[in-house]
Amino acid sequence: MKKTLTANISGTVFNIEEDAYEALQRYLATIRSQFAGSPGQDEIMADIEGRIAELFTERLSGRGQVVTMSDVEHIIGVMGQPEDYLGDSEEAAAEAGPSARSGGGRQHKRLFRDADDRWVGGVLGGLAAYIGTDPLWLRIAFIALIVLGVGSPILIYIILWILVPPATTAAERLMMEGEAVTVENLKKAFEEGGKRVAKEVEDLGERLSGEDGKRYAKGFRKGADTAARGASRALAAVVGFVLLLLGVGFAI
């Protein structure tokens, strides 16, 4: 007879044996310590716990609803050991071996809207990621269908926009691309996202410091001057109206 506990993992409640609970707590604590001080630490942990809850749900379907030590060991094997590749040196990742770097292999893709590669709602970007093609071709085909009047592409697009959720987290982006949601892949996704944001900020800074920046500044000054003249005319009209009322009052 083993003591069981109740654990809430990413909003899903599980009955888990005490030794399994302690092992899972140690595993999550190790991951949390590896990401301590990293940008997006809370979001990474939320994605990891969400994926663990999904794996537990899949593994428990059709049998007892108590998480055992073997279940926790299975989930750790799928998610990967963080100390194998989250060390301070590149040698730690090399010594982890191909099985750790592979992140548990690929998984079935899920259809999401691509929030990063979108023209309108990201439907075609997400569909392109799902079928493994360049979204440009889908956009060309979509425009061609509209021009030729074939079917109701706009209506279909709106329906998909409503029904298909956007890939807003790192875990959802991995699932959209068919990558396994592991600790290693989540770490890579956040690093790539941080680099992408830094590059966009750098490009914006370069544009603002060059001819584009001068053009923006000139346009801003022109807009500010126009707004100031409009405000001055409005103030003058208000003052004139008030003086007119005072004059009429004095006359009466």
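Two strands count as paired if DSSP finds at least two bridges between them. Keep that in mind for the sheet, which is where this tour of a predicted model begins.

**Stop 1: the whole chain**

Start with everything shown as cartoon. You have 252 residues, 30% of them buried, arranged into 11 helices and 3 strands. Walk from the N terminus and the elements come up as β-β-α-α-β-α-α-α-α-α-α-α-α-α. Now switch on the surface: the accessible area is about 15900 Å², and carbon and sulfur atoms own 60% of that. If you like contact maps, take the contacts with a separation of 6 or more: 57% of them come from residues 24 or more positions apart.

**Stop 2: the sheet**

Select β1 (4-9), β2 (12-17) and β3 (66-67). Together they make an open sheet with the order β1-β2-β3 and mixed pairing. Strands of a sheet pair through backbone hydrogen bonds, either parallel or antiparallel, and you can look at each sense here in turn.

Take β1 and β2 to begin with. They run antiparallel, joined by 6 bridges. Pick Leu5 and you'll find its bridge partner Ile16 in β2; pick Ile9 and the partner in β2 is Thr12.

Next, slide over to β3, which pairs with β2 in the parallel sense over 2 bridges. Asn15 has Val66 as its bridge partner in β3, while Ile16 is matched with Val67. So which strands stand at the edges? β1 and β3 do: each has a single partner strand, so one side of each is left without a neighbour in the sheet.

**Stop 3: the hairpin turn**

Zoom in on the link between β1 and β2, a hairpin with 2 residues between the strands. Click Ser10, in the loop there. Most residues other than glycine have a negative phi, and most peptide bonds are trans. Ser10 has a positive phi, near 55 degrees. At 43% relative accessibility, Ser10 is partly exposed.

**Stop 4: the helix across the sheet**

Add α1 (18-34) to the selection. This helix lies across β1, β2 and β3, and runs at about 115 degrees to β2. Further along α1, stop at Ser33. A polar atom of the Ser33 side chain sits 2.7 Å from the backbone oxygen of Thr30. Ser33 is partly exposed, with 48% relative accessibility.

**Stop 5: the main core**

Time to go inside. In soluble globular proteins, nonpolar side chains tend to be buried together. Show Leu24, Tyr27, Ile48, Ile52, Phe56 and Val72 as sticks: these have the most contacts inside the largest nonpolar core, which has 34 residues. The elements giving two or more residues to this core are β1, β2, α1, α2 (41-60), α3 (69-79), α9 (170-177) and α10 (183-209). Which element gives the most? That's α2, with 8 residues.

Now centre on Phe56. Leaving out residues up to four places away in sequence, Phe56 touches Ile9, Phe14, Leu24, Val67, Asp71, Val72 and Ile75. You've already met Ile9 as the bridge partner of Thr12 and Val67 as the partner of Ile16.

One name on the Phe56 contact list is an acidic residue worth its own click: Asp71, in helix α3. Is Asp71 buried or exposed? It counts as buried, because its relative accessibility is 1% and the cut-off for buried is under 20%. Draw a distance from the Asp71 side chain to that of Arg59 and you'll get a polar contact of 2.5 Å.

**Stop 6: the second core and Arg139**

Leave that region and select Ala128, Leu138, Phe142 and Tyr157. They are among the members of a second, separate core of 6 residues.

Finish in helix α7 (residues 135-148), where you'll find Arg139. Here is a charged residue that counts as buried, with a relative accessible area of 8%. What does Arg139 touch, not counting residues up to four places away in sequence? Bring up Asp117, Arg118, Trp119, Leu124 and Gly125 as sticks, and you have that set of contacts in view.

Methods. Residues numbered from 1 in each chain as written. Predicted model: local features only at pLDDT ≥ 70, side-chain atom pairs only at ≥ 80, totals over all residues. Heavy atoms only, no water. Core = buried A, V, L, I, M, F, W, Y, C linked by side-chain atoms within 4.5 Å. Buried < 20%, exposed > 50% of the residue type's maximum accessible area, 1.4 Å probe, protein only. Helix = DSSP H or I, 4+ residues; strand = E, 2+ residues; numbered from the N terminus. Contact = heavy atoms within 4.5 Å. Axes fitted to C-alpha atoms, helices over the stretch in contact; angles between N-to-C directions. Areas by Shrake-Rupley, 256 points an atom, 1.4 Å probe, with all protein chains shown as cover. Polar contact = N/O pair within 3.5 Å; in protein donor to acceptor, adjacent residues only side chain to side chain.
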